[in-house]
Amino acid sequence: MAAGGSQVFRFDATFDVAGDWQLSVAVDAANEVEEMSEDNNVFVLSVRVVGSGAARTLGVSLANTTYQVGSTLNGSVVLFNGQADIGGHVQISVEDEQGFVVDKLPKLAQAVLAYGQARTVAFSWPIPAIYDASYKVRAVWLNGNEELAQGAAAFLVKPRIQINAKVN
């Protein structure tokens, strides 16, 4: 190649493993060409490979499985991003046994979560005067209107006072 010239090379690669990689290109690696500077002979490109099987997941966990009216339900949502960097928000709702929404918690905005990263988001819900029954907390991770992942955890509300009586 003549001085001041350039050459374009095409390179196709298939990665078997998702992750962060560095692609390096070196010219005149054996220092056979006399140059004014050897400092510009290597180019490094960082790339992020996202696996086709990678997923975004959301897990919901609760501090307890049984609560009383008037107590506070405490829990957490764990977001894992197995794809390209993304943010969005988490919408948490409480549903009854039939799936009807009993209450919606305020949306929890989420800053960008990088590939391969996880984040834990805590939440609480003061249990109002509701029937003693089975319920579930459902959390949905959204980016705009696109659902990224969802999860749920069940819990039981028991009465605060229980009266047992024997009738003769």
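**Entry 1: Tyr67**

I started with Tyr67 in this predicted model and asked whether Tyr67 is buried or exposed. Its relative accessibility is 5%, so I noted Tyr67 as buried, since the cut-off for that word is under 20%.

Next I looked for aromatic pairs, and the count came to 3. In one of them, Tyr67 meets Phe155 edge-to-face, with 5.9 Å from centre to centre and 90° between the planes. I wrote myself a reminder here: a pair of aromatic rings is described by the distance of the centres and the angle of the planes.

Where do the two rings sit along the chain? Tyr67 belongs to strand E4 (residues 66–68) and Phe155 to strand E11 (residues 146–158), so this pair ties together parts that are 88 residues apart in sequence.

**Entry 2: Phe155 and its company**

I checked Phe155 in the same way, and Phe155 is buried too, with a relative accessible area of 3%. Phe155 also forms an edge-to-face pair with Trp125, at 6.4 Å centre to centre and 70° between the planes. Trp125 lies in strand E9 (residues 118–126), so the pair of Trp125 and Phe155 ties E9 to E11 across 30 residues of sequence. Trp125 counts as buried, at 3% relative accessibility.

Which residues do the ring pairs link into a cluster? I found Tyr67, Trp125, Tyr135 and Phe155.

Then I listed what Phe155 touches, leaving aside neighbours within four places in sequence. Among these contacts are Leu62, Leu73, Val94, Ala133 and Val137, along with the three ring residues Tyr67, Trp125 and Tyr135.

**Entry 3: the nonpolar core**

I went on to the largest nonpolar core, which has 28 residues. Which of them have the most contacts inside the core? They are Val60, Leu62, Leu73, Phe123 and Phe155, so my friend from Entry 2 turns up again.

Several strands each supply at least two residues of this core: E3 (56–62), E5 (72–81), E6 (86–96), E9, E10 (134–143) and E11. The strand that gives the most is E11, with 5 residues.

**Entry 4: a sheet of three strands**

I traced an open sheet of 3 strands, in the order E3-E5-E9 and with antiparallel pairing. Why does one side of E3 and of E9 lack a neighbour in the sheet? Both stand at the edges with a single partner strand each, so one side is left without a neighbour. From one strand to the next, the twist averages 20°.

For the pairing of E5 with E9 I noted 9 bridges in the antiparallel sense. One of the partners I looked up was that of Leu79, which is Arg119 in E9.

**Entry 5: Thr120 and Ser93**

I picked two residues to set side by side. Thr120 is in strand E9, and at 56% relative accessibility Thr120 counts as exposed. Leaving aside neighbours within four places in sequence, Thr120 is in contact with Ser76, Val77 and Val78. The C-alpha atoms of Thr120 and Val78 are separated by 4.4 Å, though these residues are 42 apart along the chain.

Ser93 is in strand E6, and at 8% relative accessibility Ser93 counts as buried. Beyond residues up to four places away in sequence, Ser93 touches Val101, Asp103, Lys104, Lys136, Val137 and Arg138. One of these, Arg138 in E10, stands opposite Ser93.

**Entry 6: E6, E10 and E11**

Arg138 led me to the pairings of E10. E6 and E10 run antiparallel and are joined by 8 bridges. E10 and E11 also run antiparallel, with 10 bridges between them. Here the bridge partner of Asn143 is Glu146 in E11.

What does Gly144 do in the hairpin of E10 and E11? The hairpin has 2 residues between the strands, and Gly144 takes a positive phi near 65°.

**Entry 7: the whole chain**

To finish, I stepped back to the whole chain. I counted 0 helices and 11 strands. The chain has 168 residues, and 29% of them count as buried. Of the contacts between residues at least 6 apart in sequence, 63% join residues at least 24 apart. The accessible surface comes to about 11,600 Å², and 52% of that belongs to carbon and sulfur atoms.

Conventions
Residues are numbered from 1 along each chain as its sequence is written. This is a predicted model: local features need pLDDT of at least 70, side-chain atom pairs count only at pLDDT 80 or more; totals for chains, interfaces and linings use all residues. Side-chain values use heavy atoms; hydrogens and water are left out. Rings of Phe, Tyr and Trp (its six-membered ring) pair if their centres lie within 6.5 Å; planes under 30 degrees apart count as stacked, over 60 as edge-to-face and the rest as tilted. Helices (H or I, at least four residues) and strands (E, at least two) are DSSP runs, numbered from the N terminus. Buried means under 20% relative accessible area, exposed over 50%, partly exposed in between (1.4 Å probe, protein chains only). A nonpolar core is a set of buried Ala, Val, Leu, Ile, Met, Phe, Trp, Tyr and Cys residues joined through side-chain atoms within 4.5 Å. Contact means heavy atoms within 4.5 Å. Two strands pair if DSSP finds at least two bridges between them. Axes are lines fitted to C-alpha atoms, for helices over the stretch in contact, and angles run from 0 to 180 degrees between N-to-C directions. Accessible areas come from the Shrake-Rupley method with a 1.4 Å probe; for residues, only the protein chains shown count as cover.
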